[in-house]
Amino acid sequence: MLIVTQQGILDAATSPVEDADVIMTAAIVGHAYIRLDAKKNCLFDIEIDPETLSTSPNPVPRSADEAAAAAKMAFNWAQHVRCVAKINVALASMGDNFGQPERGKEAMVGVTPVCDKDAGIVRVIGGTGDLSPMSKDRYTVVSPKATLPGALLLWIAQQPDVGYQGRGAYTGFVQVDDGSSQPGLFCTCRQRAASPSMPVDKTNPRRWMPSMVKSPPVDPKAPNGSLKPKWDLGARIGIGGDERYWGMIQDNALQCTLKKLDMYFRDEDKSRAQQPLALTDIVGYTHGMIQAIYNVRWLKKGTPYEIAVGKKTTKLASCFTCAIFMEANGFPASATHLGRGESWCPLYAASIESNTTQDVSLRECNAKWANYCKSIIDAGIECIASRLTDAGHRVSYQRLIDYVAAHQDAFDYANLILDAVTVHDSEVNRIDRTLSA
Ligand SMILES: [Zn+2]
């Protein structure tokens, strides 16, 4: 497959950060536009403790750490509210009462539900996102015939040794109400998302990788400069930390930790005839919810869920990249955050020829997702046209328009989103940089 190696995602001369900003902001605003246009609600949730917000405005912090945490939370809250307001200003430029609160066509700030056993809120739900934010069914659907009741789910969520427990430990599963067997739990897995050695496939037409430049050595006594991207993006990995597999989360050391925490490295699975990663490959991560949706499609029944696993992961919202895949496949997310979806990617069929039931369901779900990516980017491009903050973002915006004019296949659009999230940042930061108030 084609992997374009150049400075920017959209052009050899653009900033990859500004390209990613514009691509993701267009997608997010476009997603809001399409939901509101279909008379559905549009909530962007912030992961914050409501109790913190309700305490007195100037509590006396007990320690420096507590003061720093309070300041960070106040900053996050203000930024989130500001960004949702910016989304509404962009929506308002479309007329027809978009972005206007009194007409019910505005994006709203939501607060991510926290795992709460007593209230039955223990998981992210695929399929309840169209219900009113006030409806408790949005967060607590438990079927009387459910084979996994809430208490059992919570027990699974609290086990120290069920699946991957590290950063972003959300585990997908399918609940089948007729009592038939469960297809198991799906943890986030790492995979080779793109490689020049993969055959040319129209469902994976083009991916981007930043060009490398020679930079001065960090250690001035070292004989040679190391090869690294001009921009400090994403993750670096390899001996001495100089080489990188593009897309990998954080650094070399973290990969060992993730493996110890039981993250499945699909790219190393010998039973799948995998070869070791090469520096020309792009690495991606498929979240549990996405794997659950493939299985629902394959089983033709059930509801996809994601549970927060381990002690550290307690907030129950989907990343934006999962949320649009869920939306496209008819399972709107119970809650959507604007944090990180670092190197998110779907799964791909084992080969172009493979026609196993699983691979057919992968292709069907991915095609719906790609079509939805095209719809939201096209809508978002119109919405944000007059709202860009500065010249750099206007250049990236123009390159985006040029790019989609020349690449009209749905997977070309979808892969722009995959490329943008290899530039690791939270979506709220991208919106903040891209849109004027
Ligand atoms: Zn996700």
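Trp344 is about as tucked away as a side chain gets a label for: its relative accessibility is 1%, so it counts as buried. This is a predicted model, and in it Trp344 belongs to an aromatic cluster together with Tyr294, Phe325, Trp369 and Phe411. Around that cluster there is plenty to look at, including a 93-residue nonpolar core and a zinc ion held by His287, Cys319 and Cys322.

**The aromatic cluster**

- Trp369 has a relative accessibility of 1% too, and therefore also counts as buried.
- Trp344 and Trp369 make a tilted aromatic pair, with 5.7 Å from centre to centre and 45° between the planes.
- Trp344 sits in the loop between H8 and H9 while Trp369 is in helix H9, so this pair ties together parts 25 residues apart in sequence.
- Phe325 pairs with Trp344 as well; the ring centres are 6.0 Å apart and the planes are at 55°, so this one is tilted.
- That second pair bridges 19 residues of chain, from Phe325 in helix H8 to Trp344 in the loop between H8 and H9.
- Phe325 is buried, just like Trp344.
- Across the whole structure there are seven aromatic pairs.

**The nonpolar cores**

- The largest nonpolar core takes in 93 residues, and Leu91 and Trp369 have the most contacts inside it.
- Helix H9 (residues 357-384) is the top contributor to this core, giving twelve residues.
- A separate core of nine residues lies apart from it, with Met263, Phe265, Leu277 and Tyr285 among its members.
- Leaving aside residues up to four places away in sequence, Trp369 touches Ile324, Phe325, Ala328, Asn329, Trp344, Pro346, Phe411, Ala414 and Leu418.

**The zinc site**

- The protein donors are ND1 of His287 and the SG atoms of Cys319 and Cys322, at 2.1 to 2.4 Å from the zinc ion.
- Along the chain, these donors are spaced as H-x31-C-x2-C.
- His287 and Cys319 are 32 residues apart: His287 is in the loop between strand S12 (282-286) and helix H7 (288-299), and Cys319 in the loop between strand S13 (303-308) and helix H8 (320-328).
- His287 has a relative accessible area of 16%, which is under the 20% cut-off, so it counts as buried.
- Cys319 comes in at 6% relative accessibility and so is buried as well.

**Helix H3**

- H3 covers residues 64-92, and at 1.5 Å a residue its 29 residues should span 42 Å; the end C-alpha atoms are 42 Å apart, so the two agree.
- The buried residues of H3 include Gln79, His80, Cys83, Val84, Lys86, Ile87, Asn88, Ala90 and Leu91.
- Among the elements covering those buried residues are helix H1 (16-37), strand S2 (43-46), strand S3 (108-111), H9 and helix H12 (427-434).

**Charges over rings**

- Lys105 places its charged end over the ring of Phe98, 4.2 Å from the ring centre.
- Arg190 lies over the face of Phe265, 3.7 Å from the ring centre.
- Phe265 is also one of the residues in the nine-residue core.

**The overall picture**

- The secondary structure adds up to twelve helices and 13 strands.
- The protein has 437 residues, and 51% of them count as buried.
- Of the contacts with a separation of 6 or more, 72% are between residues 24 or more positions apart.

Methods. Residues are numbered from 1 along each chain as its sequence is written. This is a predicted model: local features need pLDDT of at least 70, side-chain atom pairs count only at pLDDT 80 or more; totals for chains, interfaces and linings use all residues. Side-chain values use heavy atoms; hydrogens and water are left out. A nonpolar core is a set of buried Ala, Val, Leu, Ile, Met, Phe, Trp, Tyr and Cys residues joined through side-chain atoms within 4.5 Å. Buried means under 20% relative accessible area, exposed over 50%, partly exposed in between (1.4 Å probe, protein chains only). Helices (H or I, at least four residues) and strands (E, at least two) are DSSP runs, numbered from the N terminus. Contact means heavy atoms within 4.5 Å. Donors are N, O and S atoms within 2.8 Å of the metal (3.2 Å for Na, K and Ca); water is not among the atoms, so sites may look incomplete. The expected span of a helix is 1.5 Å times one less than its number of residues. Rings of Phe, Tyr and Trp (its six-membered ring) pair if their centres lie within 6.5 Å; planes under 30 degrees apart count as stacked, over 60 as edge-to-face and the rest as tilted. A charge sits over a ring if NZ of Lys or CZ of Arg is within 6 Å of the ring centre and within 35 degrees of the ring normal.
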